[in-house]
Amino acid sequence: MGLSLIDSRLRGNDKKMNQLLRVLIIVGIVFILGGCAWRLRSRIVSRINNPPTESQPVQEPLLETKADLFNAGYRVMNISIPDESGKLISVRVSVWYPTQENETAYFYDTVGANLKKATYQSALAINAPIEKNSNTHPLALFFHGATTCGTQSVILTEHLARQGYIVASPDFYDNAQMCKSGGGAGDRRLIFLRALKEFKSITQSSDMLALLSENMRVPGASRLIDALLAENKQENSFLYNAINEDAIGVVGHSYGGMTILGMIGAHPNISYLDARIKAAVILSPPVFPFSKEDLNYWLPVDLYVGGIE
């Protein structure tokens with residue numbers, strides 16, 4: 001009886017000690033986190049009140065950025081290209097290009113973080129004349145991801161224009177459009193998310209290849225190049241004699257990267273290979289629906305993927 005009572009009391013004390021230990025651990029964690037937060041706050045306040053001076057230089061970026069050679073002009077064109085049946089379809093195209101005109105404030109209605117609609121402020125020379133005092137300019141085409149629009153990656157497209165490129169980025173006819181080049185209401189978010197879900201649910205290669213055609217991507221993007229080069233020969237076009245037709249490159253993100261793969265030799269229909277493209281930069285592309293048996297690459301390709309791609 002005595003031993004049972006002692007054992008019961010010991011167990012009770014162990015339980016109390018465990019509870020006390022848990023409380024002490026929680027208090028310790030809170031104290032540590034609170035100290036870290038306070039030190040972080042102190043550093044931020046100190047940085048604001050004491051900005052870096054020449055004796056305290058800001059750390060240089062890892063990649064050196066070239067100085068701008070030009071200002072960036074911007075305009076939106078409506079270009080007609082034929083679909084698979086031969087019917088002309090009007091495609092809205094954002095065009096950035098080098099200019100000597102002054103830039104003024106401009107606001108894009110585009111796509112932002114977490115694929116939500118966003119407004120992005122920049123500075124552009126709207127509808128300015130293109131720089132023609134130098135040689136003709138290389139043409140770069142940027143292809144956006146699924147259900148977004150041609151202004152998806154304006155930091156990149158503007159930078160290329162300031163380095164002397166003419167950059168054309170179409171609003172592809174995806175099953176929904178979250179934004180539109182030049183502004184204007186895109187589809188409601190519910191429609192956009194439903195279209196994106198349907199896109200991600202495609203598992204058959206034949207279905208994805210058919211969608212590339214339906215969305216005016218492959219071979220539609222090559223027909224856009226046809227139209228831009230036709231503009232290069234029209235005296236009443238602002239692009240007249242401005243494009244170096246021997247220097248055409250493509251940049252694409254995600255579905256835009258898949259579009260490029262279909263244009264440069266991965267599509268099973270070899271007639272879709274566009275030999276005018278001299279270089280490609282492909283960002284996080286799905287390789288589905290292509291197979292290695294169909295690969296027919298022949299040009300320099302930069303391929304970038306993320307850690308979970």
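In the predicted model, the buried residues of helix 2 are covered by a set of elements that includes strand 1 (71-82), strand 2, strand 3 (104-111), strand 4 (117-126), strand 5 and strand 6. The residues of helix 2 that count as buried are Val-154, Thr-157, Glu-158, Leu-160, Ala-161 and Arg-162. The helix itself spans residues 154-162 and forms, together with strand 5 and strand 6, a right-handed β-α-β unit.

Helix 2 is followed by Gly-164, which has a positive phi near 105°. This glycine belongs to the loop that joins helix 2 to strand 6. Gly-164 counts as buried because its relative accessibility is 6%, below the 20% cut-off. Beyond residues up to four places away in sequence, Gly-164 touches Phe-70, Pro-98, His-137 and Pro-138. For Pro-138, the C-alpha to C-alpha distance from Gly-164 is 7.5 Å, at a sequence separation of 26 residues.

Strand 5 (residues 137-143) has 6 of its 7 residues buried, and is therefore largely enclosed by the rest of the structure. Two pairings of strand 5 are described here. With strand 7 (residues 243-253), strand 5 pairs in the parallel sense over 7 bridges. With strand 6 (residues 166-170), the pairing is also parallel and runs over 3 bridges. Leu-139 takes part in the register of both: this residue stands opposite Ile-248 in strand 7 and opposite Ile-166 in strand 6.

Within strand 6, Ser-169 was examined individually. Ser-169 has a relative accessibility of 0% and so counts as buried. Its side chain reaches the backbone oxygen of Gly-150 at 2.9 Å. A polar atom of the Ser-169 side chain also lies 3.0 Å from the backbone oxygen of Phe-142. Phe-142 and Gly-150 are likewise among the residues that Ser-169 touches when residues up to four places away in sequence are not counted; the others are Arg-92, Val-93, Ser-94, Trp-96 and Ser-181.

A second buried position with a side-chain to backbone approach is Thr-99, located in strand 2 (residues 88-99). Thr-99 counts as buried because its relative accessibility is 1%. A polar atom of the Thr-99 side chain lies 3.2 Å from the backbone nitrogen of Glu-101. With neighbours within four places in sequence left aside, the contacts of Thr-99 are Phe-70, Asn-71, Ala-72, Gly-73, Ala-125, Ala-128, Pro-129 and Glu-131. Of these contacts, Ala-72 is 27 residues from Thr-99 along the chain, and the two C-alpha atoms are separated by 5.9 Å. Phe-70 appears in the contact list of Thr-99 and also in that of Gly-164.

Empty space in the model was then considered. The largest pocket has a volume of about 310 Å³. It is lined by 18 residues, of which Leu-160, Tyr-165, Val-250, Val-251 and Val-281 are the closest to its centre. Two or more lining residues are given by each of strand 5, helix 2, strand 7, strand 8 (277-283) and strand 9 (301-304). Leu-160 is also one of the buried residues of helix 2.

Cavities of 30 Å³ or more number 2. The largest cavity has a volume of about 50 Å³. Its lining consists of Ala-146, Thr-147, Asp-174, Asn-175, Ala-195, Phe-199, Leu-211, Asn-215 and Tyr-255.

For the protein as a whole, the secondary structure comes to 6 helices and 9 strands. Of its 309 residues, 39% count as buried. Among contacts in the protein with a separation of 6 or more, 69% are between residues 24 or more positions apart. The pair of Gly-164 and Pro-138, 26 residues apart in sequence, and the pair of Thr-99 and Ala-72, 27 residues apart along the chain, both involve residues that are in contact.

Key:
Residues are numbered from 1 along each chain as its sequence is written. This is a predicted model: local features need pLDDT of at least 70, side-chain atom pairs count only at pLDDT 80 or more; totals for chains, interfaces and linings use all residues. Side-chain values use heavy atoms; hydrogens and water are left out. Helices (H or I, at least four residues) and strands (E, at least two) are DSSP runs, numbered from the N terminus. Buried means under 20% relative accessible area, exposed over 50%, partly exposed in between (1.4 Å probe, protein chains only). Contact means heavy atoms within 4.5 Å. A polar contact is a pair of N or O atoms within 3.5 Å; within protein, one must be able to donate a hydrogen and the other to accept it, and residues adjacent in sequence count only if both atoms are side-chain atoms. Two strands pair if DSSP finds at least two bridges between them. A crossover is right-handed if, with the strands pointing away from the viewer, the path from the first strand over the helix to the second runs clockwise. On a 1 Å grid over the protein atoms alone, a cavity is a set of points where a 1.4 Å probe fits but cannot get out, and a pocket is an open set with protein on both sides within 12 Å along at least five of seven lines; lining residues have an atom within 4 Å of a point. Grid points are joined across faces, edges and corners, and a volume is the space filled by probe spheres set on the points.
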